[in-house]
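Good morning, colleagues, and thank you for coming. Before I begin, please take a moment to look at the sequence and the structure on the screen.

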Amino acid sequence: MNNPDIQTCLSQYWGYPGLREAQKPVIAEVMEGKSAFVIMPTGGGKSMCYQLPAMLKAGLTLVISPLIALMKDQVDDLRLKGIEAAYLNSSQHPDEYNRIFNSIGSGTLKLLYIAPERLMSMQGGLLEQLKSVKIDMVAVDEAHCISSWGHDFRPAYTKLKDLGTHFPDVPVLALTATADQATKRDIIKQLGLENAALFENSFDRPEIHYAAKPRTDEKAQLLAFVAKHPSESGIVYCLSRKRTQEIAEVLQSAGYRATCYHAGLSSQERMERQDQFIRDEVDIIAATIAFGMGIDKNNVRYVVHMNLPKNIEGYYQETGRAGRDGLDSQALLLHGGSDFHTLSTHCQVDGNLDQSNVMLGKLRRMQDFADSRVCRRKILLQYFGEELAEDCGKCDNCETTFEQHEGTEDAQKLLSTVARLEWSFGLGHYIDILRGSQSQKITAAHRALSTYGIGADKSKKHWMSIGKELIQQGFLTQTVGKYPVVELNARSWAVLHGKEPVMLTKFEETKTVKPPRAAAFEAGSENQTLFHKLRQVRYDLAKASNVPSYLILSDRSLQELCVTKPQNLTELASVHGFGKVKVARFGQQFLDALQQAEA
Ligand code: ADP
Ligand code: ZN
């Protein structure tokens, strides 16, 4: 699309050289006044699909958004760019609400963000007020919230079914980052998008490296991982409030700037901690999944899950918070123990068996992803209906050669231990017997078994991995329930009778591929020193404007400044992210900092 208005508007307000390929057709459709449905991964640039048309059209664009924090962030972002935007939600002071309500008719406002329950409530005359002005488009962000097939169903969203009745000729733009097939169909039906164009983009996030590992020594595993990312921004997701505290303490005592975040904190505390993270005053935040939905800090370099997430949608969305600036980022998942069983209880939706089964099925797919030894990106993309022709080469499974070796003898040792006991126990108990453990839990009778101590040559971790693999390969059955135990099955007997051989995979980490970071930003390099200086400038500016650092400028823009070292405001204007307003407001400070560094 060669619309000069689009180019001008984009460079003036956003400081971007052009639209992304995926944005072009959507914006073309929207500019023709047509409805559309956009599925684009997190970080893909969905907001631009309605923000830019809103600037080019005469009237007002409504944006329906489920999260108050997200609204505020987007509106702050737009205002910093010199764009007239506002939001209406239930957290607002009535005076503020009235001021914005009254400004709707004035014609200066370009974008108005509204929570769905606000828009559709019949009180206060908001609908009437909106009907009295020219509405160019209604953008429904996070459209998957409308569907009970989705992973984040919000009943207030179902009221949006009536959008067509209230605004009959106004085009609707539905946007989401995650929707499986059933959810997609539901969105189309409820928002009446049967005839609208569907723009489906690849779910691939090539900048994210995926890895999943059994949780063995979680603290050591976490510290080893974090040590590879000093002073980078990261989120560590935990299942409970208590765990977020523990993990934050572990990180703090190892010298990291870390804090925790969960729903048990006062809203004041939550806001402070979120701000600290956003402002880069804290590098790592250990949080429950309550954290992150409302923020799109774009320089998050890694996301760690300390437990299995509830479903692939959640995992994809949470890991998607890394690398939104397009720079290389890591997703690490640690899983095991009782994760599956704990989470399966969370899958119960009261009085709704169907919904419970949907959730449980999604949890199983998540567990399969974690256990799998095939390319993780392939599994993720397949889940969202995409085929990846070749392995990605950028996940732990692609980087690992799984060497097979004869494991029949080891399997027999473990299986015969299971066979010798009268009752069924958890896997760990059999392994303790095998290894000749002195633990009190091993009774005299168990110590008298002929298999007691015959596996002392291998570590507990090694045996656990053999046991888990036997389960995965179907040579041993693990029961479902609160206290899973392992039991023999027909194939176990085939192995014990020497009728079926067992091949086990041997973990062999190949050389770990170093994240291909721009060489120019190696630790201790000149560029990195400059980068830190500019980061401080950004921090000070953010503090003075009372907004998060990343809204001032992205890491990518700072890196570009370090490399291009612009000498004046004109040169600065061609740096990524510097629109007219930002050049005027912040340009000189960055030029000064660059000049000082040169001197
Ligand atoms: P989403 O809502 O799809 O997760 P956002 O709308 O938050 O993604 O955009 C992600 C990032 O990409 C933001 O930092 C945004 O400014 C940037 N971005 C969007 N469109 C462009 C573009 N055309 N050129 C450069 N950067 C862009
Ligand atoms: Zn891969």
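Which are the buried residues of α13? They are Ile 312, Glu 313, Gly 314, Tyr 315, Tyr 316, Gln 317, Glu 318 and Thr 319. I should say at once that we are looking at a predicted model. In this helix 8 of the 8 residues are buried, so α13 is largely enclosed by the rest of the structure. As for what encloses the helix, its buried residues pack against the strands β8, β9 (233-237), β12 and β13, and against the helices α15 and α16. Several of these elements will return in what follows.

Let me now step back to the overall layout. The protein is divided into domain 1 (4-200), domain 2 (208-394), domain 3 (401-512) and domain 4 (519-598). Taken over C-alpha atoms, the centres of domain 3 and domain 4 are separated by 57 Å.

I turn next to the interior. The largest nonpolar core has 63 residues, and Leu 62, Leu 112, Leu 130 and Val 140 are those with the most contacts inside it. Helix α15, which spans residues 353-371, gives the most to this core, namely 6 residues. The core draws at least three residues from each of domain 1 (4-200) and domain 2 (208-394). Apart from it lies another core, of 37 residues, which includes Tyr 237, Ile 285, Leu 551 and Leu 561.

Two residues may serve to illustrate the packing. Take Val 140, one of the residues just named for its contacts inside the largest core. If we leave aside neighbours within four places in sequence, the residues in contact with Val 140 include Ile 64, Tyr 157, Leu 160 and Leu 163. Also in contact with Val 140 are Val 172, Leu 173, Ala 174, Leu 175 and Leu 191.

The second residue is Ile 114, which is found in strand β4 (residues 111-114). Is Ile 114 buried or exposed? Its relative accessibility is 0%, so Ile 114 counts as buried. Not counting residues up to four places away in sequence, Ile 114 touches Leu 62, Val 63, Ile 64, Ser 65, Met 71, Leu 88, Leu 119, Leu 126 and Leu 130. Of these contacts, let me single out Met 71: Ile 114 and Met 71 are 43 residues apart in sequence, and their C-alpha atoms are 8.0 Å apart in space.

We come now to the metal. Which residues coordinate the zinc ion (ligand 2)? The SG atoms of Cys 375, Cys 392, Cys 395 and Cys 398 do so, at 2.3 to 2.4 Å. The site is tetrahedral, with angles of 100 to 119° among its 4 donor atoms. Along the sequence, the donor residues follow the spacing C-x16-C-x2-C-x2-C. Cys 375 lies in the loop between α15 and α16 (376-383), and Cys 392 in the loop between α16 and α17 (396-399), so this pair ties together parts that are 17 residues apart in sequence. With a relative accessible area of 2%, Cys 375 is buried, whereas Cys 392, at 25%, is partly exposed.

Finally, the charged side chains. How many salt bridges does a search of the whole structure find? The search finds 28, and I shall describe three.

In one, Glu 32 pairs with Lys 34, and the closest N and O atoms are 3.1 Å apart. Glu 32 counts as exposed, at 56% relative accessibility, while Lys 34, at 40%, counts as partly exposed.

Another joins Arg 215 to Asp 339, with the closest N and O atoms 3.0 Å apart. This pair links distant parts of the chain, for Arg 215 is in the loop between β8 (208-214) and α10 (218-227) and Asp 339 is in helix α14 (residues 339-346), 124 residues apart. Asp 339 counts as buried, at 4% relative accessibility.

The last brings together the side chains of Arg 301 and Asp 325, at 2.8 Å from N to O. Arg 301 lies in strand β12 (residues 300-305) and Asp 325 in the loop between α13 (312-319) and β13 (329-335), so the pair ties together parts that are 24 residues apart in sequence. Here both partners are buried: Arg 301 has a relative accessible area of 9%, and Asp 325 is at 11% relative accessibility. Salt bridges that share partners also join Arg 215, Glu 218, Lys 242, Arg 243, Glu 246 and Asp 339 into one network.

Thank you for your attention.

Terms used: Residues numbered from 1 in each chain as written. Chains lettered and ligands numbered in written order. Predicted model: local features only at pLDDT ≥ 70, side-chain atom pairs only at ≥ 80, totals over all residues. Heavy atoms only, no water. Core = buried A, V, L, I, M, F, W, Y, C linked by side-chain atoms within 4.5 Å. Buried < 20%, exposed > 50% of the residue type's maximum accessible area, 1.4 Å probe, protein only. Helix = DSSP H or I, 4+ residues; strand = E, 2+ residues; numbered from the N terminus. Domains from an automatic or database assignment. Contact = heavy atoms within 4.5 Å. Donors = N, O, S within 2.8 Å, 3.2 Å for Na, K, Ca; no water. Tetrahedral: all angles 85-135°; square planar, octahedral: opposite > 155°, others 65-115°. Salt bridge = Lys/Arg side-chain N within 4 Å of Asp/Glu carboxyl O.
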